[in-house]
Amino acid sequence: MGDIAEAIAFFLALLAYLWLLAIPHPWTGVLVLLAVAVSWRRRSLTLKSLGLGWEEFRASGRRWAVIWIFSVSLFLILGYRSLFSLAALTHGAVYFTWATAQLVVYQSMTYLPLRDNLRSRWLAVGLAGAAFSIMHVPNPVLVPATFLWGVAACLLFERSRTVWGLALLQMMLSSTLFWITPQALNRDFRIGPYYYEAHSTQAPSGTFAPPISRPR
């Protein structure tokens, strides 16, 4: 139960950071990263167990074949007019880096402790998805979308333990969702206290903006 208690404590600390500290004291995010590093060391997690190995990434091409075909096709069909520019490629690379960091923390600090300590794997998946969704409150687009993605990411992680693959899928699916939802509703995918800030053409620092701008 120690790992579950740690997962709950980390979830609450991350929620408190987002709502109370991220805007006035962004430097306190270092404490969150330190907590992650201490947990990884205590649990003796390796690059492979964290999902950062290359063999599993290559294997995901076969194991997730249907998901890859669907995601890549939708991404290219909807975004072909805006993808092939330096700005889009740069923004996409930055978002991919962010998604990788987000997912490695999500899987290692939320899903794996639940999966390894609960009798029901489906309960672990559902709780992990709910935790991921709550982190995106109050955005009305991201709350349901991130629950579904959080659940799907855990199930895919079981089939092929690769955060690299999950990050690529998240980048494509996030962009697709951004393109098909009204900007007045998705608010540039801002979450937490950032969601209530006045709209601007430049996403404010610390938000979770999608990687690619809208197709023209």
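**Exercise 1. Find the element in which glutamine 107 is placed, decide whether its side chain is buried or exposed, and list its contacts distant in sequence.**

Glutamine 107 is found in helix H5, where helices (H or I, at least four residues) are DSSP runs numbered from the N terminus. The model is a predicted one, in which local features need pLDDT of at least 70 and side-chain atom pairs count only at pLDDT 80 or more, while totals for chains, interfaces and linings use all residues. Residues are numbered from 1 along each chain as its sequence is written, and side-chain values use heavy atoms, with hydrogens and water left out.

The next step is accessibility, for which buried means under 20% relative accessible area, exposed over 50%, and partly exposed in between, with a 1.4 Å probe and protein chains only. Glutamine 107 has a relative accessibility of 0% and therefore counts as buried. Contact means heavy atoms within 4.5 Å; once neighbours within four places in sequence are set aside, glutamine 107 is in contact with Leu112, Pro113, Ala153, Cys154, Phe157 and Leu166.

**Exercise 2. Describe how helix H7 packs against helix H8, and classify the residues that make the contact.**

Two packed helices are described by the angle between their axes and the distance between the axes. Helix H7 (residues 142–159) and helix H8 (residues 163–180) pack at about 155°, and their axes are 11 Å apart; axes are lines fitted to C-alpha atoms, for helices over the stretch in contact, and angles run from 0 to 180 degrees between N-to-C directions. Angles under 35 degrees count as roughly parallel, over 145 as roughly antiparallel, 65 to 115 as roughly perpendicular and the rest as oblique, and H7 and H8 are therefore roughly antiparallel to each other.

On the H7 side the contact is made by Leu142, Ala145, Trp149, Ala153, Leu156 and Phe157, and on the H8 side by Val163, Leu166, Leu169, Gln170, Leu173 and Leu177. These residues divide into eleven nonpolar, one polar and no charged, where Ala, Val, Leu, Ile, Met, Phe, Trp, Tyr, Cys and Pro count as nonpolar, Asp, Glu, Lys and Arg as charged, and the others, Gly among them, as polar.

**Exercise 3. Identify the residues with the most contacts inside the largest nonpolar core, and the helix that gives the most to this core.**

A nonpolar core is a set of buried Ala, Val, Leu, Ile, Met, Phe, Trp, Tyr and Cys residues joined through side-chain atoms within 4.5 Å. The largest one has 46 residues, and those with the most contacts inside it are Leu103, Tyr111, Trp149, Leu166 and Leu169. Helices H1 (2–21), H2 (29–42), H4 (65–79), H5 (86–117), H6 (121–134), H7 and H8 each supply at least two residues of this core, and H5 gives the most, with ten residues. Apart from neighbours within four places in sequence, leucine 169 is in contact with Trp64, Ile67, Trp68, Ser71, Trp149 and Leu156.

**Exercise 4. Compare the burial of phenylalanine 10 with that of arginine 41.**

Phenylalanine 10 has its place in helix H1 and, at 9% relative accessibility, counts as buried. Not counting residues up to four places away in sequence, phenylalanine 10 touches Val32, Val36, Val105 and Met109. Arginine 41, placed in helix H2, is exposed, with a relative accessible area of 72%.

**Exercise 5. Locate the cis peptide bond that leads into proline 138.**

The peptide bond from valine 137 to proline 138 is cis, with omega near 5°, and proline 138 lies in the loop between H6 and H7.
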